[in-house]
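Work through the following exercises with the sequence and the model side by side. Each task is followed by a solution that proceeds one step at a time.

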Amino acid sequence: MLLIPCPHCGPRSELEFHCGGEAHIARPTNPAATGDQRWAEYLFYRSNTKGVHAERWLHVHGCGRWFNVRRDTISDRFVTADQIRSAEEGS
Amino acid sequence: MGEAGIAILPLAPSARFSLRLAAAVVEIGEAGGFWLDIPINTCHVAGERMTVRLGPNEWLLFGPQADAIRHDVAATLGDRFFSLVDVGDRDLAFAVAGIHARDVINGGCPLDLDDIVFPAGSASRTLLGKAQIVLIRPGAERLYRIECGRSFALYVRAYLENIAHEFLRSPGSGILA
Ligand SMILES: [Zn+2]
């Protein structure tokens with residue numbers, strides 16, 4: 001069982017979370033002009049990092065917020081957790 | 001009830017509202033007797049009205065009269081961008097009290113309920129078994145309020161009763177007494 005550091009609630013049981021996969025995958029800004037290969041990469045291609053990578057979690061049975069963490073995929077240790085800020089606040 | 005080993009009691013109906021508000025709550029502070037500017041995962045009781053802050057922009061508001069709450073909160077928030085949804089009939093509540101209350105809740109809830117981590121005034125959305133609940137500890141005594149969806153109530157009650165049977169030999173214990 002993972003103990004996941006929610007930036008709002010502190011360390012909580014994995015049971016309360018939903019994993020959103022790899023973080024920082026930008027949606028193509030103009031889908032109509034995006035070719036099949038590029039769209040497939042956006043939807044399905046992931047880096048499958050061995051080591052520290054960024055991923056998204058939703059504290060669904062808690063504060064209800066999405067946030068980013070950096071997790072070591074070998075040791076399962078969480079390195080950092082950050083709030084996701086809105087576009088107006090800047091990132 | 002403080003001396004009881006474990007007691008599980010259904011609570012009387014209450015008005016409940018879900019408040020979503022994006023504005024800076026620091027400048028608002030209090031809306032119609034509900035303290036919005038409290039830390040996330042805490043509750044605040046003022047007379048008959050209780051505020052629970054579930055997240056940065058989400059609150060649950062409790063009180064006896066839905067119409068009065070709707071009026072008072074809307075009057076304070078004015079033309080700010082917010083949503084105030086009456087969820088009074090969506091949820092219902094149980095009290096779990098007694099010296100074994102924490103043990104019984106932890107039979108299905110992953111929260112750390114130690115007094116240091118979950119002191120008086122704590123409140124959080126979490127899980128009990130497979131059901132989502134809001135767990136509230138208004139005061140220092142061993143009395144926890146469990147809010148759950150109405151359709152989950154039988155499941156939640158049976159789940160708590162099942163664990164409580166372990167502690168029924170403690171003096172003063174009773175289920176749904
Ligand atoms: Zn959280």
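## Exercise 1: A salt bridge in chain B

Task: Starting from the contact in which the side chains of R137(B) and D115(B) meet in a salt bridge, at 2.8 Å from N to O, determine which parts of chain B the pair ties together.

Solution. Keep in mind throughout that this is a predicted model. First, place the two partners: R137(B) belongs to strand β11 (residues 131–137) of chain B, while D115(B) sits in the loop between α3 (101–106) and β10 (122–128) of chain B, so the pair ties together parts that are 22 residues apart in sequence. Next, look at the surroundings of each partner: R137(B) is buried, because its relative accessible area of 2% is under the limit of 20%, whereas D115(B), with 34%, is partly exposed.

## Exercise 2: A second pair, and a shared partner

Task: Find which element of chain B holds D86(B) and which holds R70(B), and then identify the two salt-bridge partners of E147(B).

Solution. Begin with D86(B) and R70(B), which form a salt bridge whose closest N and O atoms are 3.5 Å apart. D86(B) lies in strand β8 (residues 82–86) of chain B and R70(B) in helix α2 (residues 66–77) of chain B, so this pair links parts 16 residues apart in sequence. Both ends are partly exposed, D86(B) with a relative accessible area of 40% and R70(B) with one of 36%.

Turn now to E147(B), which forms a salt bridge with R16(B), the closest N and O atoms being 2.5 Å apart, and another with R145(B), where the corresponding distance is 2.7 Å. E147(B) is buried at 2% relative accessible area, and R145(B) also counts as buried, at 14%. Elsewhere, salt bridges that share partners join R102(B), D115(B), R137(B) and R142(B) into one network. Over all chains, the structure holds 16 salt bridges.

## Exercise 3: The zinc site

Task: Establish which protein atoms are the donors of the zinc ion, and explain why their arrangement is called tetrahedral.

Solution. The first step is to list the donors, which are SG of C6(A), SG of C9(A), ND1 of H59(A) and SG of C63(A), lying 2.0 to 2.4 Å from the zinc ion. The second step is to read the angles: the four donor atoms subtend 105 to 115° around the zinc ion, and the arrangement is therefore tetrahedral, since the rule asks that all angles lie between 85 and 135 degrees.

The third step is to follow the donors along the chain, where their spacing is C-x2-C-x49-H-x3-C. C9(A) is in the loop between β1 (3–6) and β2 (10–13) of chain A, and H59(A) is in the loop between β4 (52–58) and β5 (66–72) of chain A, so these two tie together parts 50 residues apart in sequence. Both are buried, C9(A) with a relative accessible area of 14% and H59(A) with 0% relative accessibility.

## Exercise 4: Two interfaces

Task: Describe the contact between the two domains of chain B, and then the contact between chain A and chain B.

Solution. Start with the division of chain B into domain 1 (7–11 + 90–172) and domain 2 (15–86), whose C-alpha centres lie 24 Å apart. Their contact takes 15 residues from domain 1 of chain B and 10 residues from domain 2 of chain B. The area buried between these domains is about 970 Å², with carbon and sulfur atoms giving 57% of it, and two salt bridges are found across their interface.

Continue with the two chains, whose contact takes 12 residues from chain A and 14 residues from chain B. Chain A and chain B bury about 980 Å² between them, 52% of it on carbon and sulfur atoms. R12(A), H61(A) and R65(A) supply 41% of the area that chain A buries against chain B, more than any other three residues. Zero salt bridges are found across the interface of chain A and chain B.

Notes
Residues are numbered from 1 along each chain as its sequence is written. Chains are lettered from A and ligands numbered from 1 in the order in which they are written. This is a predicted model: local features need pLDDT of at least 70, side-chain atom pairs count only at pLDDT 80 or more; totals for chains, interfaces and linings use all residues. Side-chain values use heavy atoms; hydrogens and water are left out. Donors are N, O and S atoms within 2.8 Å of the metal (3.2 Å for Na, K and Ca); water is not among the atoms, so sites may look incomplete. Four donors count as tetrahedral if all angles lie between 85 and 135 degrees; four count as square planar and six as octahedral if opposite donors are over 155 degrees apart and all others between 65 and 115; anything else is irregular. Helices (H or I, at least four residues) and strands (E, at least two) are DSSP runs, numbered from the N terminus. Buried means under 20% relative accessible area, exposed over 50%, partly exposed in between (1.4 Å probe, protein chains only). Domain bounds come from an automatic or database domain assignment. Contact means heavy atoms within 4.5 Å. Buried area is the accessible area (1.4 Å probe) that two parts lose on being put together, summed over both. A salt bridge is a side-chain nitrogen of Lys or Arg within 4 Å of a carboxyl oxygen of Asp or Glu.
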